[in-house]
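Colleague: I'm new to reading helix packing. Please give me a close look at one helix crossing, in plain words.

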2 protein chains.
Amino acid sequence: VNYLLFEDPDIKKILEHYRIIWALGHAGSLMSWDMETYMPEEGVQERALASREISLLSQKLLLDEKFVELVEKASVKENLNEYERGVVRVLERRIRIYKKLPPELVGELAKTRVEAQNVWKNARAKNDFSMFKPYLEKAFELARKVAEYLEYDDEPYDALIDLYEEDMRTKMVVQMFDSIIPELKKALDKVLNEENSLYPRTHPLEERKYVREEIEKLNRRILDTLGFPWSRGRLDVSPHPFTDDLGIKDVRITTRYEGFDFKRTVYATIHEFGHALYELQVDERFMATPLAGGVSLGIHESQSRFWENIIGRTMAFVKILSKLIEEASPSLGKIGIEELYSYVNTVKPSLIRVEADELTYNFHILLRFNLERMLLNKEINVDELPEYWNNMMDEYLGIKPKTFSEGVLQDIHWSGIMIGYFPTYSLGNVIAAQIRHYLQKDLGELSEVIMEEKLKLIKEWLKEKIHKYGSLYKPQELLEKSFGEPMNPEYFKEYINEKFVAKKIV
Amino acid sequence: VNYLLFEDPDIKKILEHYRIIWALGHAGSLMSWDMETYMPEEGVQERALASREISLLSQKLLLDEKFVELVEKASVKENLNEYERGVVRVLERRIRIYKKLPPELVGELAKTRVEAQNVWKNARAKNDFSMFKPYLEKAFELARKVAEYLEYDDEPYDALIDLYEEDMRTKMVVQMFDSIIPELKKALDKVLNEENSLYPRTHPLEERKYVREEIEKLNRRILDTLGFPWSRGRLDVSPHPFTDDLGIKDVRITTRYEGFDFKRTVYATIHEFGHALYELQVDERFMATPLAGGVSLGIHESQSRFWENIIGRTMAFVKILSKLIEEASPSLGKIGIEELYSYVNTVKPSLIRVEADELTYNFHILLRFNLERMLLNKEINVDELPEYWNNMMDEYLGIKPKTFSEGVLQDIHWSGIMIGYFPTYSLGNVIAAQIRHYLQKDLGELSEVIMEEKLKLIKEWLKEKIHKYGSLYKPQELLEKSFGEPMNPEYFKEYINEKFVAKKIV
């Protein structure tokens, strides 16, 4: 390994030691990718055990006395270059977090994660909340413990959200929702009350069954068009689509096939492409260092949302998509551009988060954000969760789930003890609109740039503004550096109003 | 983890520490399975780095001072039960081996392995020996170093073969070949000179193209019939079929599809099933301990050969196979039992080891065994290898490769620096025939036992005699314990003569 960017001898020693921690992370990523895609069912017992051991070992190596001393020593050095300072920041943060968590807790988290995810899969399939309930209780109990050990400013949630979004706080999330929710509500009411809207509630294509092989081909052709580098990535199938970065040169995405309503799998694929592109465009010189990998979930989600919504749901992209559908799926037949645009832009209060449209999506997040806080603060307990969920759905979107699977059991996150994670989806939506604003400033109207031969300009711009930096800067610092301001929800409100109220953009 | 079989407090401590070494092995297995099946091409760089780091770490943990002390302390205890003694034997052996190898060498082996295998794949595809040559030189240079560090009785090969087959020595392999090769030569000459032989040189079905989806289905149906537990295993595709045991409950096999001559993929699948069954039937109480996993490559190969040849190439099995072909592959059509029997039992000197029949296979091994010894002893160098290979093929089987891909580049082993490994294939053939003898003593004539509903008797017998013991006993001890004698090539000669000369068994 040649560390071209790193010259300080202590930093070099740090990176040498870090390599094994990185290697364990690489193995861990593969193990979790495999668990979701190809692992035989009964493999879960040994996988859980191995994951737990490796997670414990990784923590031990991160907290190795000599290593921690080296990092502490480096942190007060004044002549480090910015890459070296980045390494120290990322490691100090991780050490601080791990130091506060007892190894037993970390091991228990890893083990519970594997077991709970397996139970969750079955529980969701069987619509059996009682089956999953003990694991959900355990998950929140463990999350509460994590928060207590990590300490927090105002409430346990502060400690948890910071794990996914450096320096983010609960009250900042509350502010963000306070800013965007009323605008979304207004736009949603308007669209729902229009007759013959460009954004209809339902669309005949939603019922249309598809030939799986054709839509698999379509997804591959979409990725071809977006320039997904197949020599550095894969597309597979899993119950819940995700992106897994095993390295800068091995980034894997998944999608799922329900057999009807093809926009679901198509936009899941485009979404994950956005995540993957971020990881694939990190500066290669960061390989196997703490700087490899996207900096936070919010920034990550801004990338997936950018491709899924800001690019993917425009008329310009729909034109490209229409051509690909014609090529890949004869049995879907020719679909008119306007028809396709309306189909991928239906607006309707619905029960499933991952199928929600741009106007209703953030209500789903607000619901989870509120429920997580209430559970953590013991204002409600897990028994009451389905009832609260259902009532809140009714309050926000005027609908109620009839089954657990379309309610509390729908998301993978809680089974993975990823509590505090959900708000980063809304941060992503907000930041994606902000990126849109600055991208248009540099490259001109998006409708003119979204053409097959110009997509690489967008990718190049994203690389220069966001991707190449990996974890070098904190999320808000990155935004300030590239755009001159931190996260600002005004651009999202502007985007929503221009698209759904004023209809100035399509 | 509950260690039901282990009570000694020191052994318990040993097993606790060993768990992380096991977990790293689990991760390593998955990483190498993935590299051969699903990893995107450019992922190799980071995978190589991660493999190297994990392999080094594993060695370090095995040689951890306190751990080694514990093992040494346990090794002189007199009141250990046989499971505890087994743990100590396996660990002492591994520690002894690793202690002798410097960590730098172990790291270099792991890294070279990953790189060389990637180059080998391309070199084989392009028929380019010069591309692979530097890696082959490196492989033998590293193997020679390994032998020197490990020390040996008569020649470097002794040290290497012992890595794959505990206590096996070069001269024992020579003796084995000296015993079986003349008999094979005689039987081969006889069969090749027969007219209208039951064992023809070629068969029209060898040219027959197949519909891949149908033969994929056939392989799955064969595995169904053999009782492969899909909840604990997988069947995938790789350039060179292999079995990978991630654990007792996660054992994965691969096969390959050339598009014609379906017996190749079918018997590769049955072969790998034999390997997998061994791992799947190890005592579950050995999970995550040094006793999990088959004891040696020779015993392992005896299991794969047993299913492939001793079971798979009988008339009784051919009847089962014929039914499955009819079900799974309409486009192959109905094939008569006799026709199918002759097709899967053709005898013909050929260039490719993995396609060789029961009479010619061991000549391929003898060739590799001789060449490996000559290279190690520096009697020849890598430049001369293709020439020696070709001449030796001519001498043993009267044929010469026209390309590198059908000659020196055909096997994966050297690119994996698995030198000393080949003889274990012949040991496996010999031991498989020995197992056949004792199985018939217990269960009666094989022709009466090879029926779909009775296959489980065979599996149960193998479990009791071989599989359940995992690595508890040394290979030769295991044979003595179960059959009252160590490896004995007489049964193989008897089998060959009865099948191919006297034709008393079909």
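Modeller: Sure! A crossing counts as left-handed if the near helix is turned anticlockwise from the far one by less than a right angle, and right-handed if clockwise. Keep in mind that this is a predicted model, where local features need pLDDT of at least 70 and side-chain atom pairs 80 or more, while totals for chains, interfaces and linings use all residues, and side-chain values use heavy atoms without hydrogens or water. Residues count from 1 along each chain as written, with chains lettered from A and ligands numbered from 1 in written order.

Now take helix H2 of chain A, residues 44–62, and helix H1 of chain B, residues 9–37 (helices are DSSP runs of H or I, at least four residues, numbered from the N terminus). Their axes, lines fitted to C-alpha atoms over the stretch in contact, lie 9 Å apart at an angle of about 110 degrees. That's why H2(A) is roughly perpendicular to H1(B), a label for 65 to 115 degrees. H2(A) passes H1(B) in a left-handed crossing. On the H2(A) side, the contact (heavy atoms within 4.5 Å) includes Leu49(A), Ala50(A), Ile54(A) and Leu57(A). H1(B) brings in, among others, Trp22(B), Leu24(B), His26(B) and Leu30(B). The residues of this contact split into ten nonpolar, one polar and five charged. Here Ala, Val, Leu, Ile, Met, Phe, Trp, Tyr, Cys and Pro are nonpolar, Asp, Glu, Lys and Arg charged, and the others, Gly among them, polar. So Arg47(A), Glu53(A) and Arg19(B), which also take part in the contact, count as charged.

Notes: Axes fitted to C-alpha atoms, helices over the stretch in contact; angles between N-to-C directions. Helix = DSSP H or I, 4+ residues; strand = E, 2+ residues; numbered from the N terminus. Parallel < 35°, antiparallel > 145°, perpendicular 65-115°, else oblique.
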